[in-house]
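Please take me round this structure, one selection at a time. I have it open in a viewer and would like to know what to pick next and what is there.

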Amino acid sequence: MRIGVHPNNLHLRLARLWPGAFAELQPVFVSYAEGRDTAALLESGDINLGGTGSTPPIEADMRGLGVEYIAASAPRPANGAIFVRSDSPIGSVAELKGRRISLIDGSFHTYLLARSLEGEGMSLPDVERVESGARDALADLLEGRVDAWVAMSPRLEKALERDDVRPIVRCGAAIPNRSLFWTLQRNGLSAAEIRAIVSELSRIGTEIAADPRAAARLLASGDRGGSGDRSGSGDRGGTDIDAWEKVVRSRDFTVVPINDEIIAEQQEEADTLLRHGHFDTPIVLKRSLETTK
């Protein structure tokens, strides 16, 4: 089983380092740069399983790739926020109209921004989305190249400790923000493999929750190199054990098999992004027959 690992999915990032993880499936962990690359790697067969936020699998389904959802994390309300400079005249989402917003477009950042704007009677075309990519988005915000920044862990926790930026909305007020674990139907994972994946994700999550300091130590040590590394620059490290422990403790690492409630959440996101013009055609999301066995 070729399991994709990118820096922003902490569950799989920790699984790569966790003793005995996925042993039944003879895992090969493949590192890559970011969650938006997951669909292409699944399509090419470079990986058989990936974990991302809620948006990349919808993007993949919109391309007709045939997503098969396997499992999902608990909601993670603390893992995202929109920041402005502390001296900014912007006091709320309602004042973002016409502003430049730094984000990783096509990730859950897009959905967080869309839902936040929608709550104020606006939509994505009312702001200018600025792709952060490999840029230092915090520096762009502080130096005035953008007016707001969509941040996520672990940079979010560090930003919350600063006095030169402030959040105007937190993720939990707008979206569930789960991690989704998924593949493509063409990869033909068996019901037994899917059950094993869910079981291992759940076991690892339980052990992370039981010893967050151990998990923080692994993350701080860095997740570099290794077999199948496609990440280019490697791990986005630089976070110490204490900071990582705050990140680990801030989230629920519970994982559950995919269910109708989660598919309904994904459908709501797809419909929302269609309303905002991010997608140009509607789609009806379905649970795979395999995942219901």
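How many aromatic pairs does the count come to? The count comes to two aromatic pairs, and since this is a predicted model, we are looking at computed geometry throughout.

Start by selecting F22 and F29. Their ring centres are 6.4 Å apart and their planes stand at 65 degrees, so this pair is edge-to-face; the cut-off for that label is over 60 degrees. Now colour by accessibility: F22 is buried, at 1% relative accessible area, and F29 also counts as buried, at 12%.

Next, select F83 and W149 for the tilted pair, with 5.7 Å from centre to centre and 35 degrees between the planes. Show the strands here too: F83 sits in β5 (residues 80-85) and W149 in β8 (residues 148-152), so the pair ties together parts that are 66 residues apart in sequence. Both F83 and W149 are buried.

For another ring, go to F253 and add R76. You will find R76 over the face of F253, 5.3 Å from the ring centre.

Finish with two helices: select α8 (residues 212-221) and α9 (residues 241-249). Their axes come within 8 Å and cross at roughly 125 degrees, which makes α8 oblique to α9. Is the crossing of α8 and α9 left-handed or right-handed? The crossing is right-handed. To see the contacts, show side chains on both helices: residues including P212, R213, R217 and L219 in α8 meet a set in α9 that includes I241, W244, E245 and V248.

Conventions: Residues are numbered from 1 along each chain as its sequence is written. This is a predicted model: local features need pLDDT of at least 70, side-chain atom pairs count only at pLDDT 80 or more; totals for chains, interfaces and linings use all residues. Side-chain values use heavy atoms; hydrogens and water are left out. Rings of Phe, Tyr and Trp (its six-membered ring) pair if their centres lie within 6.5 Å; planes under 30 degrees apart count as stacked, over 60 as edge-to-face and the rest as tilted. Buried means under 20% relative accessible area, exposed over 50%, partly exposed in between (1.4 Å probe, protein chains only). Helices (H or I, at least four residues) and strands (E, at least two) are DSSP runs, numbered from the N terminus. A charge sits over a ring if NZ of Lys or CZ of Arg is within 6 Å of the ring centre and within 35 degrees of the ring normal. Axes are lines fitted to C-alpha atoms, for helices over the stretch in contact, and angles run from 0 to 180 degrees between N-to-C directions. Angles under 35 degrees count as roughly parallel, over 145 as roughly antiparallel, 65 to 115 as roughly perpendicular and the rest as oblique. A crossing is left-handed if the near helix is turned anticlockwise from the far one by less than a right angle, and right-handed if clockwise. Contact means heavy atoms within 4.5 Å.
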